[in-house]
Amino acid sequence: MAVSVNTVYTTVLYILNKEQRGYVTPSEFNSISDLVQKEIFNSYFPNGNQQNRKNQNNTENDTEFFNMYKDIAYKLYPFEKEITFTYDNVNDSFYNATSDVIYKIGEVITTYNGQPRYDSITQLVSKKDFDKITRSRLTAPTKQYPLFITTNATPTGLNNQLAIKIYPQPAATDVVNVNCITNPISPLWDFTIGSVGQYIFNPVGGVGSNSVDFQLDISEQTNLIINILKYFGVVINDPTIIDVAAQEAQAVEVNEKS
């Protein structure tokens, strides 16, 4: 379940206005919210790596609802997608032609359509290692054990794109499916102006509305509010807000990692 952009904004405004500390416009909220969502999203990877080391050392809590490594992996589910890459005959590579922006590439499955048909897990190697591997007939990639390297390509009519080159080279009729982590979509609190100049929220999914909820899991709602408040303390030049929000954010982080 996603975090409601309207719930976060109204909560932040309530906290700021409770003691007449200032007001933050929707455009300021939208900019800071995008930044905070990306910060929380980016923190999953080093935090997950840290928890995985605990797992390997048998110091991780492995009870059903208290495994932090699994909790962090679960929070990535809104961003995990399988994308079918498109063949680019100009660069002899495959690229992401969808609107999703890829953050990380995971498992790549290459389907060689033919007789026999192969659905092969394709291994990522560096260009340096690939040059070494292909020099020997014993280690050269095959349709059962293909390899890929990452590169850049500029398909016709598009800007520079992340692309992958697969060996043996699939035909245009073959299929390349890539399990990816995509970047979060920017949240947006869309509004209209009321009769007395007030901001009226356009609900997510409403007719003509451009509002977008946070993609983060509902468990991140408190983190979002605290960290947004931290930045709003800078916007309205209130060091009290900055200090309180920073201390609370630090306490949450220490509790999650300890």
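# A guided tour of the predicted model

Start by selecting strand S6 (residues 147–153) together with strand S7 (residues 161–167), which run antiparallel and are joined by seven bridges; strands here are DSSP E runs of at least two residues, helices are H or I runs of at least four, and both are numbered from the N terminus. Two strands are said to pair if DSSP finds at least two bridges between them. Within this pair, threonine 150 stands opposite isoleucine 164 of S7. Now add strand S5 (residues 118–124), which pairs with S6 in the parallel sense over two bridges, and look for leucine 124, whose bridge partner in S6 is phenylalanine 148.

Before going on, note that this is a predicted model, in which local features need pLDDT of at least 70 and side-chain atom pairs count only at pLDDT 80 or more, while totals for chains, interfaces and linings use all residues. Residues are numbered from 1 along each chain as its sequence is written, and side-chain values use heavy atoms, with hydrogens and water left out.

**The whole chain**

Zoom out to the protein chain, which has six helices and eleven strands. Of its 258 residues, 36% count as buried, where buried means under 20% relative accessible area, exposed means over 50% and partly exposed lies in between, with a 1.4 Å probe and protein chains only. The accessible surface comes to about 15,000 Å², and 51% of this belongs to carbon and sulfur atoms; the areas come from the Shrake-Rupley method with a 1.4 Å probe, and for residues only the protein chains shown count as cover. Among contacts in the chain with a separation of 6 or more, 63% are between residues 24 or more positions apart, contact meaning heavy atoms within 4.5 Å.

**The largest nonpolar core**

Next select Val8, Val12, Phe29, Tyr44, Phe214, Ile228 and Phe232, which touch the most other members of the largest nonpolar core, a set of 28 residues. Such a core consists of buried Ala, Val, Leu, Ile, Met, Phe, Trp, Tyr and Cys residues joined through side-chain atoms within 4.5 Å. The elements that give two or more residues to this core are helix H1 (5–18), helix H2 (26–56), S11 and helix H5 (221–235), and the largest share, seven residues, comes from H2. Centre the view on isoleucine 228: apart from its neighbours within four places in sequence, this residue is in contact with Val8, Val12, Phe29, Ile32, Ser33, Val36 and Phe214. Apart from this core lies another, of twelve residues, including Ile102, Ile164, Val178 and Cys180.

Strand S11 (residues 214–217) is covered on both faces, with Phe214 and Leu216 buried on one side and Gln215 and Asp217 buried on the other. Show strand S1 (residues 2–3) beside S11, since the two pair in the antiparallel sense over two bridges; the bridge partner of alanine 2 in S11 is aspartate 217.

**Salt bridges**

The model has five salt bridges, each defined as a side-chain nitrogen of Lys or Arg within 4 Å of a carboxyl oxygen of Asp or Glu. For one of them, select aspartate 34 and lysine 38, whose side chains meet at 3.5 Å, N to O. The two are four residues apart in helix H2 and therefore separated by about one helical turn; aspartate 34 counts as buried at 16% relative accessibility, whereas lysine 38, at 37%, counts as partly exposed.

Move next to glutamate 220 and lysine 75, which form a salt bridge with their closest N and O atoms 3.2 Å apart. Glutamate 220 lies in the loop between S11 and H5 and lysine 75 in helix H3 (residues 68–75), so the pair ties together parts that are 145 residues apart in sequence. Where do these two side chains sit, buried or exposed? Both glutamate 220 and lysine 75 are buried.

Then select aspartate 100 and lysine 81, a salt bridge in which the closest N and O atoms are 2.7 Å apart. Aspartate 100 lies in the loop between strand S3 (93–95) and strand S4 (102–112) and lysine 81 in strand S2 (residues 80–88), so this pair ties together parts 19 residues apart in sequence. Aspartate 100 is partly exposed at 22% relative accessible area, and lysine 81 is partly exposed at 29%. Leaving aside its neighbours within four places in sequence, lysine 81 is in contact with Asp100, Val178, Asn179, Cys180 and Thr182.
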